[in-house]
Protein chains: 6
Amino acid sequence: MLKNIPWQEKPHDSNDVLWRYSSNPIINRNAIPQSNSIFNSAVVPFKDGYAGVFRCDNKAVQMNIFAGFSKDGIHWDLAHDPIEFLPGNTEMIDSDYKYDPRVVFIEDRYWITWCNGYHGPTIGIGYTFDFKEFFQCENAFLPFNRNGVLFPEKINGKYAMLSRPSDNGHTAFGDIYISYSPDMKYWGEHRLVMKVVPFEHSAWQSTKIGAGPIPILTDEGWLLFYHGVINTCNGFRYSVGAALLEREAPEKVKFRSQPYLLAPTSPYEMMGDVPNVVFPCAALCSLEEDRLALYYGAADTTTALAFGKPSEIIEFLKNNSL
Amino acid sequence: MLKNIPWQEKPHDSNDVLWRYSSNPIINRNAIPQSNSIFNSAVVPFKDGYAGVFRCDNKAVQMNIFAGFSKDGIHWDLAHDPIEFLPGNTEMIDSDYKYDPRVVFIEDRYWITWCNGYHGPTIGIGYTFDFKEFFQCENAFLPFNRNGVLFPEKINGKYAMLSRPSDNGHTAFGDIYISYSPDMKYWGEHRLVMKVVPFEHSAWQSTKIGAGPIPILTDEGWLLFYHGVINTCNGFRYSVGAALLEREAPEKVKFRSQPYLLAPTSPYEMMGDVPNVVFPCAALCSLEEDRLALYYGAADTTTALAFGKPSEIIEFLKNNSL
Amino acid sequence: MLKNIPWQEKPHDSNDVLWRYSSNPIINRNAIPQSNSIFNSAVVPFKDGYAGVFRCDNKAVQMNIFAGFSKDGIHWDLAHDPIEFLPGNTEMIDSDYKYDPRVVFIEDRYWITWCNGYHGPTIGIGYTFDFKEFFQCENAFLPFNRNGVLFPEKINGKYAMLSRPSDNGHTAFGDIYISYSPDMKYWGEHRLVMKVVPFEHSAWQSTKIGAGPIPILTDEGWLLFYHGVINTCNGFRYSVGAALLEREAPEKVKFRSQPYLLAPTSPYEMMGDVPNVVFPCAALCSLEEDRLALYYGAADTTTALAFGKPSEIIEFLKNNSL
Amino acid sequence: MLKNIPWQEKPHDSNDVLWRYSSNPIINRNAIPQSNSIFNSAVVPFKDGYAGVFRCDNKAVQMNIFAGFSKDGIHWDLAHDPIEFLPGNTEMIDSDYKYDPRVVFIEDRYWITWCNGYHGPTIGIGYTFDFKEFFQCENAFLPFNRNGVLFPEKINGKYAMLSRPSDNGHTAFGDIYISYSPDMKYWGEHRLVMKVVPFEHSAWQSTKIGAGPIPILTDEGWLLFYHGVINTCNGFRYSVGAALLEREAPEKVKFRSQPYLLAPTSPYEMMGDVPNVVFPCAALCSLEEDRLALYYGAADTTTALAFGKPSEIIEFLKNNSL
Amino acid sequence: MLKNIPWQEKPHDSNDVLWRYSSNPIINRNAIPQSNSIFNSAVVPFKDGYAGVFRCDNKAVQMNIFAGFSKDGIHWDLAHDPIEFLPGNTEMIDSDYKYDPRVVFIEDRYWITWCNGYHGPTIGIGYTFDFKEFFQCENAFLPFNRNGVLFPEKINGKYAMLSRPSDNGHTAFGDIYISYSPDMKYWGEHRLVMKVVPFEHSAWQSTKIGAGPIPILTDEGWLLFYHGVINTCNGFRYSVGAALLEREAPEKVKFRSQPYLLAPTSPYEMMGDVPNVVFPCAALCSLEEDRLALYYGAADTTTALAFGKPSEIIEFLKNNSL
Amino acid sequence: MLKNIPWQEKPHDSNDVLWRYSSNPIINRNAIPQSNSIFNSAVVPFKDGYAGVFRCDNKAVQMNIFAGFSKDGIHWDLAHDPIEFLPGNTEMIDSDYKYDPRVVFIEDRYWITWCNGYHGPTIGIGYTFDFKEFFQCENAFLPFNRNGVLFPEKINGKYAMLSRPSDNGHTAFGDIYISYSPDMKYWGEHRLVMKVVPFEHSAWQSTKIGAGPIPILTDEGWLLFYHGVINTCNGFRYSVGAALLEREAPEKVKFRSQPYLLAPTSPYEMMGDVPNVVFPCAALCSLEEDRLALYYGAADTTTALAFGKPSEIIEFLKNNSL
């Protein structure tokens, strides 16, 4: 049972279900030597603290993923060199780039998924037992794909992964699908989970959507945070929404937020390498304490933290569903 | 005769003909519950103070228009629910969205125009006598159109409206036309008023232009503020210009500003949901006191205020005309 | 009662409801001196034969409309100079170009509509009593619009016109709307009539649609032929469909063809200035004799003719409706 | 051992390794009632003759696949209704459209793959034992994908499929990948096989490429015919190339044609619904007799046939390889 | 004095100033082994007959230029291998591709210009004395440029070249410029000669224009044939126009054709690798006999010939000038 | 020998080879009356101080260049009117606009190059002896070109200029070429110097690159600062890199930075008329003192200053080269 996750009470003047950490961003763009930016990163409880896998673009603006450790989930000690993978269930571990990792513990190990450059973006899979030695597996899918997110347990005996089929550029479309695998090597049973929404119903999620943190199992089903994008005349704006998926058949959506839960309104979210982006990739959740800490990339530049109460969020979803 | 409009003297170090209110923005993005942004809004004198119609996008980023009241034109009390319209001269009051309202008193009532979603953006028309009960009329035009702006009195016995034919996306072109109607229901006699300007002559208005506040009748003709757009490599930048149109034949332009009068240079104009936008939708003007208060949307996020002296502005137009 | 219209029986091996004239095209691209192409043209019964208004692009590829006369509707005598208009209900008869005319007799005169170049394409209106003297009226709409088609009688006391709002280029979208006018000068009460159809249901009409000939009043309502466009990887392909609209409320569609009735399959339709275009602009119809002659432009190059039986077409629509 | 396949000797004036059947096309666009076009289709030896699965777009331009039978491989008897599938290894047999089928016999049944519309194009899989009853399986991949082509036998114990990841429109890119499956349900081990070629080296295959018929096992490895596309200023032009892949590791290309083997030069290939397309989907091959019959779609309109000698083709590949 | 050039009298039913050779095309796409197409080529009088440089794309669709000889200018004997160049005024004779050659005799040798692939298209220059040995010089310009055409004599003591600055794709713009050189190595004094024409004035030349054959010196100045392009919804259509430039200052245009002189209307011009293209690259002219033979590429596939009388053409230009 | 250039020591917490001036920006957007922005400007030592040529866009957003003087290189006195040029080596001194100047002393005078509007952007050339009287020469190249940068001395007896061929819009490509001239009038011997870099190797310079300040001669060759651009989903981001070119053959690159040396991370670089731009146009360098002052435009709005040690920069290039 996860406890003592990072936490700050809701400000008195807020009526939002997600609120920002007052000392955001928690990781700055230059937190390690030669980094251009550190964002869209994933954390998990590990031993008596936390471990994580961090997207760090260096000053050649090459994208890679780095390990990190923290006692409190807020102050992080990041490796200065990217993760080097050993062969896992394959010898083919080519990678032109790696970005936007997610991490989850299933059964006996920590699984990592990321956007992997193999003749275009697709979903890379790896695992570690200790965040020291890492093993890379077969890519889950053909290119082009992004935002591959595993469920934290098998569903009907199979691994399950959300993803967002893409193209090879700044994809201007994108829906969330689910796929299943008996063995983390071969994938199939692909189903649509959620589509973008017509502009007039919920414009912030009308251009593309993609799964964020590992889904959280609640009494109401899987709580999924996701990003949604609106295409303004001056570019994409990324916000955060949430949905509840059926436990046994996550391709069925029970509730889905019509309003966003978090959108770029702070200077560090509106100004940076890519302005107007909040992009969630990880969450720590203590249902017992009714606390959730959401990690998100800000403006493709820094890593920030928001908080919320799972019970409030679920209630909000029920009352504000599409 | 309008008096005591919002006012602040020109700063000593300014040589501009429009200057910002020192406490801008006057309405913040979260001024009402569930608002994502409040901007591109219209105000008129009403009773002993002011009334207005405000564009407020909610947190689903649905666009709608809301009534508001103010004693001083600066501090506003906005409704928390969008305007609901009753049938006016039609039963067909469908609307997928409403945005960018303008308001004007003609004869016996307050007319409102806005960008109305009817299978794409077109010009919606409505009226109210009291800002409590609102009536919706036939759309003025076929889609696709935006920035419909009525003249405050009939011209040659007919209602007159400026508008900007568009397409169904982030229109990359746009000129200002005028149309006439005997009855606010059927429109015709469409004439071009002003086109965009070649890049090398006045780049800020080289991509598209659109009418702003209700034109102001002066001794020199109709004073029209309008927005102009330049297409930079990082998106559209919206600035404010002005023109003087002939009183009896407003399709004839007497003077038109080569330089802009206001451009995005303040942080709240350069940073927000759509960076680098100043978008004027309303003006209060006391020719007697030689004062003008211009309301404009900032960065598609907040509502701001600028001031100027009509005599100076007209003189500026004469000296800086295309 | 119209009789003796151009006619040829259906070939024995055909099971289509429209079939081609065996001597197509009836007007070649070089039928008059200096013509590049003659197509998308309109004919009406006139005196003891037929008159028409023809789109003829000259060898500068300037688009204009020309008068023509015929005894039999097949062999045409075309003017060598374009129509010159006198002022009708307006002095503003500017026109950068004219194309795709339609002609209809209403009450006391022949009304002509066309795509009129006034700072972009919009709907021009004119009339003639004798096809010798022509008068031009106010444009019906603001730019950008194409395919303005009048109904042959007033509906609920008002003139009615179909049109297709467009943009200022090779518009990649387009639906059919209806507008009403008390006086052929001011237009309003705009309503959507028909939209494009999702690709998987009827791909030939999935990109844009536009009204063709003047609607024909039948016992089943207005019989409307229209063109539909599919966007292939090698450009647009234009086919012909049909619909039945309610007599008193033509914005209501009773039946609409899921299959096309005619598509480009003949060499003169597949090869020319714009390959793969059949574009209907006029029809002669004798309900008494159950005969219909449809005039259409082929490959934006020549004018061709197809035949059908109205009763068969209506039956087809009922059995093959979307 | 396949014998007596359709055949015609090479014309005396030809020095090409593929030559056309003199009575092309073998199936016309209107070969069955209500068909708009019949092309991009697949045939296999069946009983004492041939069976096939044919792409037929109807006159609503809906894409579907139809069964057909032939004694000689040239004259075909096509079903008038599309194939209806029963559930195979899944209950989820949704399909918005089906096109570009391939057919291959493996082990005990005929497997069919096609481009299947499931929220965009992906690879559908089905099977039949008798071309009367058909069963549909799980889609192989997430959208967007096209040109899924199975190998005729398992490779290293697994089913193998070539495919071309795409986007959801007229994809302007495309390379050939291979994927493996233990069970025709879950797929993985995705590898790049061949990429497009830089314009200056072989322009006809510089925009996109895709596998054509089922690969043919020869002493030199797998003989794969594929289509290549050049993007001209007037659209895509599709030609036919060939390659030899390693038997045990087909992702390794031994030889690949720098010149095309067949390109659109006949009127029925240059004129039609999509001009300038030759698109191979099936081949009959008798290595013993050194004869090959290649079925290809012409101009997305009709089905045509070309012939070649496998020995000559392989020699050509060795001498003209990239 | 050039005599006995290819010639055929104007057909009786023609009123055009250019008419086609009745046996067009004179060179077919497969005139040499391994050719995909032969078009956009240049000829000059040579010894007692003619020599030429021909664009021939091979079946890998690699573009290169080939020498050829003819007795009568109609029947050509083409080399089977592309021209190999020796270093001329430079050692840098890199070339990714060569296409659209022009040839002219100046002073003591035959100069060849072509579109040369050096990190994109630019203007290559070479020369020969005998069409056996060829020498390549410095490229005239930086990329991106096409249609470099030399004047046949020095102007004010300097070599002069027309060209059309482009981009690196299917350039959708293009005007004709002139540049001067003292030495065929360094170029400067760049001046605009002719721009595209607004759509409504002469649509066939509204998208881009480019010089064609070597300008012909007449009493009225330089007679220049050029191609003009209109952008239809189904691609580019290339036609032929002409202009008269001032002898001493060719950047000054005396007359320029508003109508085209030749446009694609024959099947071999409307159907081929790029439909709807006539593209002139060379002319033989006998002013004494008042005969002109114009060589042009047809549909980017074959080489064709048209004839005209210089006196008629010049008269036409005077009477039909923009 | 240049001494006493602007200077500030590296901050203690920095490990970068370029660091910002602590009082940036040194010239604000409104430094002269009617200026919209002042940026992308060039300075040189002049007499006992410095002179410069500044890009100043006025409030009509017309781009022009202005002279300026400074004692210390930091505080500048700018002319209020743009430079007016007299004819230099040509009478043709048309210019629709001028921007992004560079300045260099060669032999006896100060040469200025800039982006000059002559039917599109090309490279303008001028000179001055005193920054009071200016002379304009022939444009170096045909349109479209930008970022023309002269070497400070002749190379092999010829003037040498770097440039970046472009298109006529927001060019999405761009490599650096070198051209030579015997006389500053005619240019040739064009060679590629550096291309953009594949995304995965150095994304910040993967879209386009262009030369910055006048190259600096060092013992290791020419030290060239340049800008590189990445195309994010929200627009272009401009960073600064550096390279060392061979002294006698500058088209040969000895070293080139894989990481950038400076990227937009300060508010005045991330917010402005074009967010996320640092654009270097000039440098003052004292190799003796090992000091370099780099002038750059920030966000296309203001002028800023960075410092570095040439020895460190060269060492960095050697250790971090592509």
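Here are some questions and answers about this predicted model.

Q: By a turn of how many degrees can chain A be laid on chain D?
A: Put chain A on top of chain D and the RMSD comes out at 0.0 Å, with a shift of 0.0 Å along the axis. The two copies are thus related as by a two-fold rotation axis. The turn that does it is 180 degrees.

Q: What percentage of the contact residues of chain A recur in chain D?
A: The same surface serves both copies here. For the contact residues of chain A, the share that recurs in chain D is 100%.

Q: Which are the edge strands of the open five-stranded sheet in chain E?
A: This sheet has mixed pairing, and its order is β6-β10-β9-β8-β7. An edge strand here pairs on one side only. That description fits two strands of chain E, β6 (85-87) and β7 (98-106).

Q: By how many degrees are neighbouring strands of this sheet turned against each other on average?
A: The sheet meant here is the open one of five strands in chain E. With direction ignored, its neighbouring strands are turned on average by 35 degrees.

Q: Which residue of β10(E) is the bridge partner of E:Pro87?
A: Strand β6(E) runs parallel to β10 (residues 134-136) of chain E, and three bridges join them. In β10(E), the partner of E:Pro87 is E:Gln136.

Q: What area is buried between chain B and chain F?
A: Chain B brings 23 residues to this contact and chain F brings 20. Carbon and sulfur atoms give 56% of the buried area. The total is about 1900 Å².

Q: Which residues of chain B lose the most area to chain F?
A: Three residues stand out on this side, together making up 31% of what it buries. They are B:Glu200, B:Cys233 and B:Asn234.

Q: Which side chain meets F:Lys59 in a salt bridge?
A: Two salt bridges are found across the interface of chain B and chain F, alongside 13 residue pairs in polar contact. In one of the salt bridges, F:Lys59 has its partner at 2.8 Å, N to O. That partner is B:Asp16.

Q: Which element gives the most to the side of chain B that touches chain F?
A: At least two residues each come from α1 (199-202), β17 (221-232) and α2 (267-270) of chain B. The one that gives the most supplies four residues, and that is α1(B).

Definitions and conventions:
Residues are numbered from 1 along each chain as its sequence is written. Chains are lettered from A and ligands numbered from 1 in the order in which they are written. This is a predicted model: local features need pLDDT of at least 70, side-chain atom pairs count only at pLDDT 80 or more; totals for chains, interfaces and linings use all residues. Side-chain values use heavy atoms; hydrogens and water are left out. Copies are superposed by least squares on the C-alpha atoms of residues with pLDDT of at least 70 in both. Contact means heavy atoms within 4.5 Å. Two strands pair if DSSP finds at least two bridges between them. Axes are lines fitted to C-alpha atoms, for helices over the stretch in contact, and angles run from 0 to 180 degrees between N-to-C directions. Buried area is the accessible area (1.4 Å probe) that two parts lose on being put together, summed over both. A salt bridge is a side-chain nitrogen of Lys or Arg within 4 Å of a carboxyl oxygen of Asp or Glu. A polar contact is a pair of N or O atoms within 3.5 Å; within protein, one must be able to donate a hydrogen and the other to accept it, and residues adjacent in sequence count only if both atoms are side-chain atoms.
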